[in-house]
Amino acid sequence: MIPSIGSQLVDLGSALLLLTCFAIVAQRRLSACVDLFALQSVFLALTATLVAFLTGIHHIYIAAALTIVIKAIVIPRILKKVIERLNVSRELVMHINVPASLLICGMLVMVAFLITQPIIPLGHLLTRDSLAIALAIVLIGFFTMIARQKAVTQMIAFLVMENGLFLGATAATYGMPLVVELGVFFDVLVAALIAGIYTNRLQDAFDSVDTAHLSELKE
Amino acid sequence: MLDAFLLIVMQTVVLLATAPLMVGLIRKVKARLQCRRGASVVQPYADLIKLFRKQPVVSSTTSWIFTATPYILFASTLAAGLLVPVFISRTPLSFAGNIIALVYLLAVGTFFLMLAGLDAGSAFGGMGSSREAIVASLTEPAMMLSIFAIALTAGSTNLSTIVHKTALLEGIMTDPSPHLMAFAALVIVAIAETGRVPVDNPATHLELTMIHEAMILEYSGRYLALVEWAAGLKLLVFLTLIANVFAPWGIATSMESAALGVGLAAYLVKVSGLAVLIGILESMFAKLRLFRVTDLLGAAFILALLGLVFFYVLRG
């Protein structure tokens, strides 16, 4: 049997991830957003380590270590480089302003809870809340991609979504097979690199990283 | 009966004696982080003694509200402090009110302070009162909701029942995810209510930024001493509330002297730790523009609401 204090700690870790999500949505400064994403990845790695320890499945340790290296160190470095090269440091014009975004995110969390509520008693999950929180994080990431204009913020939102998926996979199925996880990490890293290059090209072409300019690309 | 009386006296003494120390500790931490040596942590005591000895100056245009406010503020804040478990899970005034009474006792003090700010008729006082009204009206719902989130898991709105139940528990917390949301919300509320940095700057007298300092600009002598002491007490009440509701480790659950000693030591360690944390947070953030404060308090409200949602949807 799994001790209840362990599952409480996993719940606490998932809740910390959700909390950093809200901080990212409320934050206007791009570099602070990157720092918050790195912090969220550290929380994710700690939660995954805890799950690995409680279930005795060793390959989750590898996934947690990769999370630290790739998502908490390498990708934030790449993003910081991109931000340094751009002349914008904060999100000035938003499609949806901060208080409204926060309200919408709150509603998304409720939606995620209502959807997962009938599923949770069916499976043999380690914790009560992780799956619901993971879905909520995915939805918030998706929403942030829509609501923000700057390419850098959209990248961070995409990575937050990926964090949510990883949390869901670890909480619900105790991690995917190692090969799949390695593939996902590689994909995320390459995606961050490509998005970084693409953001620089956007800056060169339009003198701005507002992705709305892309709708002007016509023959 | 004697026990209850003794407890009231002990808790009053502990609260009144610790409040200036926390103010001094936060100032010291901030000074250290700014590479200054800073005043000693007992400096606020010396300030209070000095102010009590000085003659107060009262403007001839003010009404009785101006002179009565320091006493009302001090008394209501102290009464609020007696509703919170400090070093023992029993509270001296638990028969008299619950957590909702605590919120509104603090609000009475804020209300009279706002009136006193307007009373002298100076532009700064009025400005401070109007800003305080914005902050106070926005913190109240967030505070109530975060407190309800805790009260629901404990099944009671009485603080001593909540703390007693949590203290006797095996695990780390009764319910980590909703409690974390409520905790984050309550920290933001505490920072806003006690006039700390992202919302207000306690060390400024710049007319563009001050909120609390603007309201008490007209006070001097013993009145100022009472207002300052009450402000320190309010900070301590919030720190105590956060420390004992979310982490009641070491708190005494009976009236034995050994348990009381451990409880008192644990209490001082926890509250000092939180004060150091606030000092660090104050040094990390720049003050928000007044119109951005609503964003921060809105975030606190959403987080507190989520704490409740956790309870209703996932535990329902």
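**Exercises on chain B helices**

**Exercise 1.** How far apart are the end C-alpha atoms of helix α4 (residues 99-119) of chain B, and why is that expected?

*Solution.* Take 1.5 Å a residue, so the 21 residues of α4(B) should span 30 Å. The expected span is 1.5 Å times one less than the number of residues. The end C-alpha atoms are 31 Å apart, which agrees. Helices here are DSSP runs of H or I, at least four residues, numbered from the N terminus.

The model is predicted: local features need pLDDT of at least 70, side-chain atom pairs count only at pLDDT 80 or more, and totals for chains, interfaces and linings use all residues. Residues are numbered from 1 along each chain as its sequence is written, while chains are lettered from A and ligands numbered from 1 in the order in which they are written.

**Exercise 2.** Which elements do the buried residues of α4(B) pack against?

*Solution.* Start with the buried residues (20 or more other C-beta atoms within 10 Å of their own, C-beta atoms being placed from the backbone). Among them are Leu105(B), Phe112(B) and Asp119(B). They pack against α3 (64-81), α5 (123-154), α6 (159-167), α8 (212-215) and α9 of chain B. After α4(B) comes Gly121(B), with a positive phi near 80 degrees.

**Exercise 3.** How many residues of chain B are in contact with chain A?

*Solution.* Contact means C-beta atoms, placed from the backbone, within 7 Å. Count 19 residues of chain B, touching 24 residues of chain A. α7 (176-193) and α11 (290-314) of chain B each give two or more residues to this side. The largest share, 11 residues, comes from α11(B).

Terms used
Buried ≥ 20, exposed ≤ 12 C-beta atoms within 10 Å, placed from the backbone. Contact = placed C-beta atoms within 7 Å.
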